Each structure stands twice: as C-alpha cells, then as structure tokens.
Amino acid sequence: MLVFIDESGDTGLRLEQGSSRYFAVSLVAFDDSGDATACDQRIQLLKRELGWVGETEFHFKRNSNRVRQAFLRAVAPYNFFYYGIVVDKDPGKFWSEGFKNKAAFYKYVCGLVFENARHRLHDAIVVIDRSGEQDFQRQLASYLREKMERDPGVRILKQVKMQRSESNNLLQLADYVASIICRSVHNDQQDGDEFRRVIAHREISVQVLPK
C-alpha cells in the first residue's frame, strides 16, 4: 500500500496577520502499487499534453481552472481513495494553548487523519511532502509510527519518508485533494464543491473541525 500526505493552508493562528483561516491535511492511498504507477504515468502524460517541460508540477493554488479540471478528469478513473481533515482556525470556534506550537498543531491534524484511516491502512509506505526542517520531519515520522503501531502484531506503517512534491506526481495529487477539500468549506469559494464532485467517488471521509 502507498500513502501520500500533503496539506493546504498554514498552521498559523494569527488570522489578523495573514494566516489562513482553514488548514487541511489529505491522505491519498493506493492499495495496489500497479494502480499507483498507472496514475503516476497518466499525470506525467498530462504534463506532456499540456506542453509542460522540465520539472513543472501540478499545484492547485498556482494552476488555472482549465488545468485543474484537466488534472481531476485525468486522475478520476484510477483506483485510489482519500481521507481528509479540514480545521477552521477561527479562535472563537477552535482553540487550544498547545496549538500555538505550529509543529504540534501539524502533528495533531496529521495524526487525526491517520486515525480516521487506520482500518483501511496496512503495511503502508507513507510519503509526505518534504517541507520545513529535517528535525521536524524526523519527529513527525516517529510520531506517526508510535501512533499507528499501538496494536501488537499489526503493522500499519511499513515506512515513512519525505520527498519533494515537484519530483512526485502522486504528492501533487495529494496537494490537489487537500486544496479541494479546504476550498469546499469556504463560504466564498463556490467552485470548491464543483472540483470535489469530480473525484467524490474516491472520497471515504472528510472531517471538518470543529464539528
């Protein structure tokens, strides 16, 4: 099993100073490595169809609506599934002193999405977008292993590794999923629901916090 993790928004809590109101983490999974390879190859082919060269990557925030629709239509037939968490960081709705630590906040939300997907995960190789400091990346990998391996004799995670999204098409898929589910809860982002419907048949669960 292959699992890809990415996020949308930021972990800052100072909304009045420009932090995003919403923060989302997506978990995109393939039960079969052959399905993952086929989807990866289709994304690479789409880049050529669009006339892209070099290391150009799909990134929801930077792409036009035309490219977004093309990407979603291209990946929709492939056999993956996804979970997501979207957090509304409005201080009047969602607050904890512990969330002042951005790393702790990220680990908390990432842990939630893994807990929600626990029963679907088995012997998974997890790939997370490599961003931030290496020390935090090691802490996150250790945190997820400890959180998921509490049941003796059951190996949920085989490996956790970090890669750059520009060199991994399936991390780019995870970026799209995180961005779409985040966008779909914005009252002023009506096209979020339109994008989400294209891959709705791949969605297992998206939890919005606070409830």
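Let's start close to the end of the chain, where Pro210 sits in the segment that follows strand β6 (203–209). The peptide bond leading from Leu209 into Pro210 is cis, and its omega is near -5°. Keep in mind as you look around that this is a predicted model.

**The chain as a whole**

Stepping back, the protein chain has 6 helices and 6 strands. Read from the N terminus, these elements follow the order β-β-α-α-β-α-β-α-β-α-α-β. The chain holds 211 residues, and 49% of them are buried. How much of the contact pattern links residues 24 or more positions apart? Among contacts with a separation of 6 or more, such pairs account for 77%. On the outside, the protein chain exposes about 10,400 Å², with carbon and sulfur atoms supplying 45% of that area.

**Two nonpolar cores**

Now let's move inside. The largest nonpolar core has 35 residues, and the members touching the most other members are Phe30, Phe71, Leu173 and Ile199. Several elements each supply at least two residues of this core: strands β2 (22–30) and β3 (81–88), together with helices α1 (33–49), α2 (65–75) and α5 (169–184). Helix α5 gives the largest share of this core, with 9 residues.

Ile199 is a good place to look more closely. Which residues does Ile199 contact, once its neighbours within four places in sequence are left aside? They are Leu72, Val75, Ala76, Phe80, Tyr82, Val177 and Ile180. Apart from this core lies another one, of 32 residues, and its members include Val25, Ile85, Val87 and Phe114.

**The largest pocket**

Helix α5 turns up again at the largest pocket, where it gives the most to the lining, with 4 residues. Strand β1 (2–8) joins α5 in supplying at least two residues each to that lining. The pocket encloses about 460 Å³ of space. In total, 20 residues line the pocket, and those nearest its centre are Ser8, Gly9, Lys61, Ser179 and Cys182. What kinds of residues make up the lining? By class, 3 are nonpolar, 8 are polar and 9 are charged.

**Two partly exposed residues**

Two more places are worth a visit. Asp123 lies in the loop between α3 (102–117) and β4 (124–129). Its phi is near 50°, which is a positive value in a residue other than glycine.

Lys161 belongs to strand β5 (residues 157–163). Not counting residues up to four places away in sequence, Lys161 touches Ile125, Val126, Val127 and Ile128. Lys161 and Val126 are 35 residues apart along the chain, while their C-alpha atoms are separated by 6.2 Å.

Here are the accessibility values of these two residues:

| Residue | Relative accessible area |
|---|---|
| Asp123 | 30% |
| Lys161 | 30% |

Why does Lys161 count as partly exposed? Its relative accessible area is 30%, and partly exposed covers what lies between the buried limit, under 20%, and the exposed limit, over 50%. Asp123 is partly exposed too, because its relative accessible area is 30%.

Technical notes
Residues are numbered from 1 along each chain as its sequence is written. This is a predicted model: local features need pLDDT of at least 70, side-chain atom pairs count only at pLDDT 80 or more; totals for chains, interfaces and linings use all residues. Side-chain values use heavy atoms; hydrogens and water are left out. A nonpolar core is a set of buried Ala, Val, Leu, Ile, Met, Phe, Trp, Tyr and Cys residues joined through side-chain atoms within 4.5 Å. Buried means under 20% relative accessible area, exposed over 50%, partly exposed in between (1.4 Å probe, protein chains only). Contact means heavy atoms within 4.5 Å. On a 1 Å grid over the protein atoms alone, a cavity is a set of points where a 1.4 Å probe fits but cannot get out, and a pocket is an open set with protein on both sides within 12 Å along at least five of seven lines; lining residues have an atom within 4 Å of a point. Grid points are joined across faces, edges and corners, and a volume is the space filled by probe spheres set on the points. Ala, Val, Leu, Ile, Met, Phe, Trp, Tyr, Cys and Pro count as nonpolar, Asp, Glu, Lys and Arg as charged, and the others, Gly among them, as polar. Accessible areas come from the Shrake-Rupley method with a 1.4 Å probe; for residues, only the protein chains shown count as cover.
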